[in-house]
Protein chains: 2
Amino acid sequence: MYTGSKLVSLEEAIRRAGLKDGMTISFHHQLRDGDNVVNTVLETIAGMGFKGLRLAPTALFPAHKPVLDHVKSGVVNRIEGSMNGPIGSYVSYNPDALASPAVLRSHGRRAAALASGELPVDVAFVAASQTDEYGNCNGIWGKSAFGPMAFSYVDSLYARNVIIVSDNICAHPTHKQEVHEDRVDSVVQVDCIGDPDKIVSGTLSITTEPDRLRIAQDVVDLIDALGIIKDGFGFQSGAGGMSLAATKFLGDRIIEKGVVADFCIGGTTKYVFDIYRQGGVKYIYVGQSFDFASVEFCRDNPEGGVWSTLTAAHYASPGGKGRAVDHLDVVFLGGTEVDVNFNVNVNTHSDGQLLHGIGGHQDTAAGAAFTVILTTILRKTNPIRRDRVTTITTPGDVVDAVVTDQGMAINPRRKDLLEKVEGKDLPLATIEELRDRAYESTGTPTPPRVDRSKIVGLIHWLDGTVMDTVFKVEEEK
Amino acid sequence: MYTGSKLVSLEEAIRRAGLKDGMTISFHHQLRDGDNVVNTVLETIAGMGFKGLRLAPTALFPAHKPVLDHVKSGVVNRIEGSMNGPIGSYVSYNPDALASPAVLRSHGRRAAALASGELPVDVAFVAASQTDEYGNCNGIWGKSAFGPMAFSYVDSLYARNVIIVSDNICAHPTHKQEVHEDRVDSVVQVDCIGDPDKIVSGTLSITTEPDRLRIAQDVVDLIDALGIIKDGFGFQSGAGGMSLAATKFLGDRIIEKGVVADFCIGGTTKYVFDIYRQGGVKYIYVGQSFDFASVEFCRDNPEGGVWSTLTAAHYASPGGKGRAVDHLDVVFLGGTEVDVNFNVNVNTHSDGQLLHGIGGHQDTAAGAAFTVILTTILRKTNPIRRDRVTTITTPGDVVDAVVTDQGMAINPRRKDLLEKVEGKDLPLATIEELRDRAYESTGTPTPPRVDRSKIVGLIHWLDGTVMDTVFKVEEEK
């Protein structure tokens with residue numbers, strides 16, 4: 001039985017999906033700040049007259065500022081997903097713009113919520129950099145390549161209707177298939193899914209700030225002192241100038257010691273593959289590609305030999321039967337604030353604005369045997385070490401240490417680690433001392449001016465409970 | 001949070017799975033007649049005292065004869081899956097040994113039945129030739145390699161509990177991962193999952209019988225005359241001496257004509273890869289490996305470059321959103337019997353015994369633009385062309401032609417094809433003429449001696465309806 005091409009216009013794909021007012025639509029964020037797909041789809045949906053949709057992206061970026069117009073006009077009236085930048089800022093001041101509070105979940109928790117039906121997705125719009133007309137597609141080939149489609153596996157599995165959106169329709173069958181036609185309803189061709197320069201940064205570079213370089217070096221000294229850097233260990237690397245530096249220095253230490261890690265989970269960058277090329281790690285789980293080098297590595301090396309795509313479900317879903325993050329020996333993470341109970345905030349700024357998503361912060365912190373947070377003790381006039389974080393993203397009971405430019409503190413809960421570092425040449429301090437050093441420079445922080453009667457967003461924890469609440473920020477008078 | 005190894009004894013894995021009397025357990029058949037896993041598991045289950053289980057394998061082989069003991073003792077009281085050989089033979093004479101008729105589904109239909117809950121699997125026992133202690137596993141590495149795990153994707157997705165059974169526990173993480181830990185409950189180490197010599201045949205060879213070679217050559221002439229062998233076409237190859245010959249001859253014709261097929265679906269053998277190596281096909285979907293050469297090819301070439309695993313769901317599930325088989329331009333298939341209405345029987349022998357599974361016969365016949373059946377017109381004293389097949393596996397309305405040693409017939413329904421072959425130098429005949437030629441040699445076939453009050457098995461069609469019924473065979477008096 002010949003079944004025709006699934007290639008239709010975006011409008012037709014949406015019609016065939018049976019989209020109705022009030023339904024839930026999803027997107028992945030792997031095109032990051034270069035993404036055109038969210039805006040293109042929402043413009044079309046708005047033009048078709050739909051209202052009251054729930055947006056369930058893995059994350060939104062500054063490029064998605066036009067979402068605000070659709071929130072204001074009522075096309076979108078709920079958001080369950082990370083909001084990086086202007087959208088989070090807007091709802092922080094205008095929570096009534098949404099019919100119910102935003103819900104933020106970690107990558108793993110989102111996968112579990114889709115699987116369990118807690119967050120049922122009606123239509124998933126899946127950006128692909130290469131697809132055939134039946135929807136066999138990938139993210140590593142084509143002008144808009146963004147890396148392995150690690151997030152869309154879950155959406156393609158659980159969304160009622162799946163629409164592939166691509167600027168690169170290839171001959172059938174696509175040779176590299178990450179989402180397969182048996183999960184795809186329609187295929188839509190657009191001019192351009194995104195701006196390659198912003199999709200993956202070609203210029204990710206290590207921090208040059210001495211304070212941050214010291215933190216990156218100190219964290220490697222710490223994990224070395226703890227005996228973690230040994231044959232067979234597993235680590236997660238991240239992006240951001242300080243994480244890149246830490247990855248680089250960790251690689252140097254691995255090579256210097258002549259050990260080989262069994263695996264690394266990324267957030268992959270050239271620095272990870274450099275470690276691989278030098279023989280310092282055997283296998284790379286790719287959850288996201290953060291630079292071109294990472295996309296190229298995935299093209300040039302066979303999946304299953306050196307690397308494999310790590311779906312959000314395998315990465316970290318608490319609803320699954322095993323999570324890759326639970327095998328991590330160490331993860332180093334950032335934070336906008338850390339308090340004396342080792343609670344970490346990555347979502348809000350100290351003025352209360354919701355400006356960042358959770359990403360894999362909770363997932364890896366809960367999973368890794370050793371979780372260390374890297375931050376300076378202050379940012380501008382804001383103490384990052386403090387009595388209480390503005391918002392708890394990741395609770396202190398899964399955070400083992402913090403490393404700052406003014407010393408490092410180990411969570412007293414981890415007596416085993418405290419014993420191991422005793423007498424080592426490390427700039428150890430208590431978490432209270434770090435807070436005091438921050439306060440000495442900045443003074444006691446001013447609490448955010450919030451209206452606790454108006455809820456902006458809910459920060460979910462891995463089990464689906466609410467970890468913390470984000471409240472309306474009062475306008476400056 | 002450290003989560004321990006999933007490595008436990010088979011008994012413990014079964015206990016943890018919460019297996020209870022009456023539940024359904026599944027297996028894949030990719031170890032074929034070399035499989036040890038079905039017998040090992042059933043022996044253990046019997047020893048633990050379970051009764052009344054439903055067996056839902058993708059297929060059973062002669063090696064699984066011990067299943068009969070478990071049927072007789074009541075450990076297994078229902079079978080939904082293909083039964084090749086002794087088990088089918090036994091239930092053909094003893095339908096009362098099972099509490100309800102056996103149900104046979106095609107590969108695609110089985111995938112749909114698992115997905116829809118029509119065939120809910122409680123515990124899937126998944127043989128893997130390499131796994132880590134968390135269940136990330138594959139079928140292409142290790143001493144018992146059997147090829148990509150194309151069937152277990154579906155079971156791992158829908159079974160309530162998934163147990164990986166392997167004779168090769170590797171360091172974590174397994175580099176080639178086909179089933180991932182997020183779908184795996186337990187991992188069991190056994191001495192040997194199968195006999196490598198019987199898992200994939202190292203000695204698959206082309207038929208040497210002149211009649212069969214002529215059929216293989218004629219079918220290639222026919223599909224060439226129909227204009228199918230051209231740039232961009234897609235074909236499915238099979239195993240068996242005559243199919244291998246047809247694949248070989250098709251490859252020769254492809255090269256001779258200088259065309260390149262876009263893809264091939266296998267049942268892969270060295271003959272398929274020979275076509276690839278000569279530049280005759282761009283891409284190979286591997287649904288099963290039929291020989292060592294195929295396993296080696298999958299090891300040596302990157303998945304996603306030249307080949308990819310074709311899950312049973314993507315291959316042919318009528319419950320999915322797209323099937324690879326629907327893109328086939330041509331498939332050549334076998335048959336135990338073909339009748340004047342082009343109905344094909346692959347399940348029963350002419351004496352009524354249920355001796356074979358459906359495999360992908362219905363799936364590909366329904367999917368391919370041109371479906372051709374290859375058979376001799378008789379086997380021993382049995383006419384293969386006949387008035388009515390003993391059992392309808394695949395109905396004549398999805399069969400387009402039959403090619404025999406005594407001529408070829410095109411289904412009159414396909415007037416377009418009849419026009420195309422008019423005047424071509426092909427040994428054309430009507431289907432009735434082919435039947436007559438068979439009957440001339442053998443006489444009119446003796447109908448099987450069956451008891452129509454006792455149902456042995458139900459042959460399901462792709463939509464889940466019953467295509468035909470297999471009845472009890474009467475013992476010879």
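Me: What comes right after α15(A), and what is the sign of its phi?
Reply: In this predicted model, α15(A) is followed by A:G443, and the phi of A:G443 is positive, near 80°.

Me: How many residues does α15 of chain A have, and how far does it reach?
Reply: Helix α15(A) covers residues 431-442, which is 12 residues. From first C-alpha to last it reaches 17 Å, close to the 16 Å expected at 1.5 Å a residue.

Me: Which residues of α15(A) are buried?
Reply: The buried ones are A:I431, A:L434, A:R435, A:A438 and A:Y439. They cover an arc of only 135° around the axis, so they sit on the same side of α15(A).

Me: And which exposed residues are on the face turned away from that side?
Reply: A:E440 and A:S441 are the exposed residues carried by the face of α15(A) turned away from its buried side.

Me: Switching to cysteines. How many disulfides are there over all chains?
Reply: Zero.

Me: Why is there no bond for A:C298?
Reply: Because the closest cysteine sulfur, in A:C264, is 12 Å from the sulfur of A:C298, too far for a bond. A disulfide would need the two sulfur atoms within 2.5 Å. A:C298 also counts as buried, at 3% relative accessibility.

Me: What about B:C264, how far is the closest cysteine sulfur there?
Reply: For B:C264 the closest cysteine sulfur is in B:C298, at 12 Å, again too far for a bond. B:C264 has 0% relative accessibility and counts as buried.

Me: B:C264 is in β13(B). How many residues of that strand are buried?
Reply: Six of the six residues of β13(B), residues 263-268, are buried, so the strand is largely enclosed by the rest of the structure.

Me: Which residues of β13(B) point which way?
Reply: B:F263, B:I265 and B:G267 point one way, while B:C264, B:G266 and B:T268 point the other way. Both sets are buried.

Me: What is the sense of the pairing between β12(B) and β13(B), and over how many bridges?
Reply: β12(B), residues 234-236, and β13(B) pair in the parallel sense over three bridges. One bridge has B:G234 with B:F263 of β13(B) as its partner. The chain crosses from β12(B) to β13(B) through helix α9(B), residues 241-257, and this β-α-β crossover is right-handed.

Me: And how many bridges between β13(B) and β14(B)?
Reply: Five, with β13(B) and β14(B), residues 284-289, pairing in the parallel sense. In β14(B), B:Q288 is the bridge partner of B:G267. Here the chain goes from β13(B) to β14(B) through helix α10(B), residues 270-277, in a right-handed β-α-β crossover.

Me: There is also an open sheet in chain B with β6, β26 and β27. What is the strand order?
Reply: The order is β6-β26-β27, three strands with mixed pairing. The edge strands are β6 (102-104) and β27 (466-473) of chain B, each pairing on one side only. From one strand to the next, the twist averages 40°.

Me: How many bridges join β6(B) to β26(B), and how do the two run?
Reply: Three bridges join them, and β6(B) and β26(B), residues 450-460, run parallel. B:L104 has B:I459 of β26(B) as its bridge partner.

Me: Now backbone oddities. What sort of peptide bond joins A:H172 and A:P173?
Reply: A cis one, with omega about -10°. A:P173 is in the loop between β10 (161-166) and β11 (186-189) of chain A.

Me: What is omega from B:H172 to B:P173?
Reply: Omega is near -10° there, and that bond is cis. In chain B, too, the proline B:P173 lies in the loop between β10 (161-166) and β11 (186-189).

Me: What is phi at A:F342?
Reply: About 70°, so positive, although A:F342 is not a glycine. For background, most residues other than glycine have a negative phi, and most peptide bonds are trans.

Me: Where does A:F342 lie, and is it buried or exposed?
Reply: A:F342 lies in the loop between β17 (337-339) and β18 (344-345) of chain A. A:F342 is buried, with a relative accessible area of 1%.

Me: And what is phi for B:F342?
Reply: Phi of B:F342 is near 70°, a positive value in a residue other than glycine. B:F342 sits in the loop between β17 (337-339) and β18 (344-345) of chain B, and counts as buried at 1% relative accessibility.

Technical notes: Residues are numbered from 1 along each chain as its sequence is written. Chains are lettered from A and ligands numbered from 1 in the order in which they are written. This is a predicted model: local features need pLDDT of at least 70, side-chain atom pairs count only at pLDDT 80 or more; totals for chains, interfaces and linings use all residues. Side-chain values use heavy atoms; hydrogens and water are left out. Helices (H or I, at least four residues) and strands (E, at least two) are DSSP runs, numbered from the N terminus. The expected span of a helix is 1.5 Å times one less than its number of residues. Buried means under 20% relative accessible area, exposed over 50%, partly exposed in between (1.4 Å probe, protein chains only). The arc is that of the directions from the helix axis to the C-beta atoms. Two strands pair if DSSP finds at least two bridges between them. A crossover is right-handed if, with the strands pointing away from the viewer, the path from the first strand over the helix to the second runs clockwise. Axes are lines fitted to C-alpha atoms, for helices over the stretch in contact, and angles run from 0 to 180 degrees between N-to-C directions.
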